[in-house]
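Open the model in your viewer and keep the selection panel at hand. The tour goes from the whole chain to a run of packed helices.

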Amino acid sequence: MTGRILVVEDNPVNQAVVELQLSRLGHQAFVVNGGLAALDALQAELGFDVVLMDCQMPGMDGFTATQRIRQLESTASHIPVIAMTANAQREDRVACLAAGMDDYLSKPVRVENLQAVLARWIATGRMRREHNPRHDLDDLPAVDRQVLDDLVADLGGDPSVLAEFTEIFLRELPRRLEAIQAQLPLDDRREMRERVHALRSPSRALGLTRLDAICDRMDQAAISGRLGDVRSMERNLLEAAAASVEELCQLTASVANTG
Ligand SMILES: [Mg+2]
């Protein structure tokens with residue numbers, strides 16, 4: 001899946017590297033060298049799929065630029081903003097999420113990481129635009145078998161790894177859900193996002209599409225400060241988690257029987 005990518009980066013060498021990487025991956029790159037120019041580009045044109053955002057820039061930095069982008073957007077959906085950060089320590093990741101970014105890439109950016117992150121976020125951005133945010137959750141599959149098949153293929157083709165991943169996921173799931181539920185009554189969008197991300201990341205890795213989608217909605221609501229909306233999604237979250245557990249268990253049981 002290729003897309004139109006807005007690159008916000010002040011360093012000419014980094015600009016050239018990312019531009020070449022994007023072109024090799026088949027993406028269209030538009031490069032601007034600061035936060036203000038990024039805001040201008042986004043307001044002038046709506047067709048961007050993803051923003052790749054340097055954090056440290058003279059003038060308006062990437063954090064401020066992202067906060068401005070989020071302020072200008074409607075609350076219904078937003079463009080994915082991926083930070084490019086020189087030191088992806090926990091504090092930096094937290095700062096990126098707090099500013100309203102969706103994900104982060106460590107610099108120097110490796111082309112395979114860029115490819116994976118863009119594939120994920122171009123798809124997510126299009127899903128956000130195409131689906132009515134309220135009514136389509138039940139239409140999404142609890143488990144996307146293709147993601148699991150690809151995962152097994154990438155790891156050498158032995159399907160027994162699925163049982164292992166599923167076991168880890170199921171062991172962690174109650175704790176992840178409890179962490180989110182404990183946070184629901186509190187008024188801290190940054191911590192809410194951290195906890196939702198902790199569930200979303202493994203859900204996405206295992207192709208749990210419905211759980212991924214509900215986490216994405218909770219995250220978008222938290223970014224926009226709509227914590228009441230986050231709370232209202234608790235039941236959807238638990239239902240999606242239950243459906244994921246059921247299908248994962250069936251799937252691993254059938255793999256064990258045939259293998
Ligand atoms: Mg910079």
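What share of the contacts in the protein with a separation of 6 or more comes from residues 24 or more positions apart? The answer is 65%. Keep in mind that this is a predicted model.

**Whole protein**

Show everything as a cartoon. You should find 11 helices and five strands. The radius of gyration is 19 Å, close to the 18 Å that the globule rule gives for 259 residues, so the protein is as compact as a globular protein of that length. Align the view to the principal axes: the C-alpha atoms fill a box of roughly 55 × 45 × 35 Å. Now colour by burial. Buried residues make up 34% of the 259 residues.

**Helix 9**

Select residues 209-223, which form helix 9. This helix has 15 residues. From first C-alpha to last it reaches 21 Å, close to the 21 Å expected at 1.5 Å a residue. Is helix 9 enclosed or open? Check the burial colours: 15 of its 15 residues are buried, so helix 9 is largely enclosed by the rest of the structure. Step just past the end of helix 9 to G225, which takes a positive phi of about 75°.

**Helix 8 against helix 9**

Add residues 189-205, helix 8. The axes of helix 8 and helix 9 come within 9 Å and cross at roughly 160°. That angle is over 145 degrees, so helix 8 is roughly antiparallel to helix 9. The crossing is left-handed. Show side chains at the contact. On helix 8, pick R189, M192, R193, V196, L199, R200, S203 and R204. Facing them on helix 9 are L211, D212, C215, D216, M218, D219 and A222. As you read along such a list, recall that an α-helix has 3.6 residues a turn, so residues three or four places apart point the same way.

**Helix 7 against helix 8**

Keep helix 8 and add residues 160-183, helix 7. Which way does helix 7 run relative to helix 8, roughly parallel or roughly antiparallel? Their axes come within 9 Å and cross at roughly 160°. That makes helix 7 roughly antiparallel to helix 8. Helix 7 passes helix 8 in a left-handed crossing. Select F169, R176, A179, I180 and Q183 in helix 7. Their partners in helix 8 are E191, M192, R195, V196, A198, L199 and P202.

**Last stop**

Finish on M192, V196 and L199. These helix 8 residues are among those that meet helix 7, and they are also among those in contact with helix 9.

Terms used. Residues numbered from 1 in each chain as written. Predicted model: local features only at pLDDT ≥ 70, side-chain atom pairs only at ≥ 80, totals over all residues. Helix = DSSP H or I, 4+ residues; strand = E, 2+ residues; numbered from the N terminus. Rg over C-alpha atoms; globule rule 2.2 N^0.38 Å. Buried ≥ 20, exposed ≤ 12 C-beta atoms within 10 Å, placed from the backbone. Contact = placed C-beta atoms within 7 Å. Expected span 1.5 Å × (residues − 1). Axes fitted to C-alpha atoms, helices over the stretch in contact; angles between N-to-C directions. Parallel < 35°, antiparallel > 145°, perpendicular 65-115°, else oblique. Left-handed = near helix turned anticlockwise from the far one by under 90°.
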